[in-house]
Amino acid sequence: TLYEKRLKANLSAYKNAGVDVKAVEVGNELDLFCFNGDVPLTRSATAADYKLFAESYAKFLEKTVSVVKQPAYYPNAKIILGAPAIDWSPASGKMDPGQMYAALRNVSGRNYFNLVDGIGVHYYPYQTGDDGSGSIARTTQYLATIGETQRPLWVTEWGFYNNRFANATDHYRA
């Protein structure tokens, strides 16, 4: 109820400001403990953890879609599956995004992929130290794991090492 109230308030503010929302990414990097309090910190994720994620995210996704698609808000907006942080790999505090999202194909007999128009992905070549092919390979593997090789991809985060650009200066400089 609190989430629905807050989402409606935010969408109303966008509407009142004349913002035309074309897409809504539902969640971000939910495979990391910092964005998902159910990610275990002291052990690897279990089948029960992945089931809990799928059940919880399904509710979050369903509520988001039901509100965003209301005629008063953005009925034509695309719904994007929240992108995982697939290139970030600490020993703990991370779940496998393939296992997390694949479980959405059957939550109490319902396929929650039917609610999304696209799949969010993050593209950070600097994490694999190459031209981006490593990030693309990881993304391709992740998409195959969740059975999504045809649905449109939405790059919702991206970046490069600044040392690839002659005049760049910031914290990614190698």
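Which strand does Leu81 lie in? Leu81 sits in strand β2, and the views below work outwards from there. This is a predicted model, so to speak a computed picture: local features need pLDDT of at least 70, side-chain atom pairs count only at pLDDT 80 or more, and totals for chains, interfaces and linings use all residues. Numbering starts from 1 along each chain as its sequence is written, and side-chain values use heavy atoms, with hydrogens and water left out.

**View 1. The whole chain alternates helix and strand.** Following the sequence, you get α-β-α-β-α-β-α-β, which adds up to four helices and four strands. Helices (H or I, at least four residues) and strands (E, at least two) are DSSP runs, numbered from the N terminus. Of the 174 residues, 39% count as buried, where buried is under 20% relative accessible area, exposed over 50% and partly exposed in between (1.4 Å probe, protein chains only). Contact here means heavy atoms within 4.5 Å; among contacts with a separation of 6 or more, 74% come from residues 24 or more positions apart.

**View 2. Four strands make an open, parallel sheet.** The order is β1-β2-β3-β4, with β1 (23-26) and β4 (153-158) as the edge strands, each pairing on one side only. From one strand to the next, the twist averages 35°. Two strands pair if DSSP finds at least two bridges between them; β1 and β2 (residues 78-81) have four, in the parallel sense. Look for Glu25 standing opposite Ile80 of β2.

**View 3. Two helices lie against the sheet.** Helix α2 (residues 47-68) crosses β1 and β2, running at about 160° to β1. Helix α4 (residues 133-145) packs on the sheet too, touching β2, β3 (118-123) and β4, and its direction makes about 150° with that of β3. For these angles, axes are lines fitted to C-alpha atoms (for helices, over the stretch in contact), and values run from 0 to 180 degrees between N-to-C directions.

**View 4. Zooming in on Leu81.** Is this residue of β2 buried or exposed? Leu81 is buried, with a relative accessible area of 1%. Leaving aside residues up to four places away in sequence, Leu81 touches Glu25, Val26, Tyr57, Tyr101, Leu104, Phe113, Val116, Gly118, Ile119, Gly120, Tyr142 and Ile146. One of these, Glu25, is 56 residues away along the chain, yet its C-alpha atom and that of Leu81 are separated by 6.0 Å.
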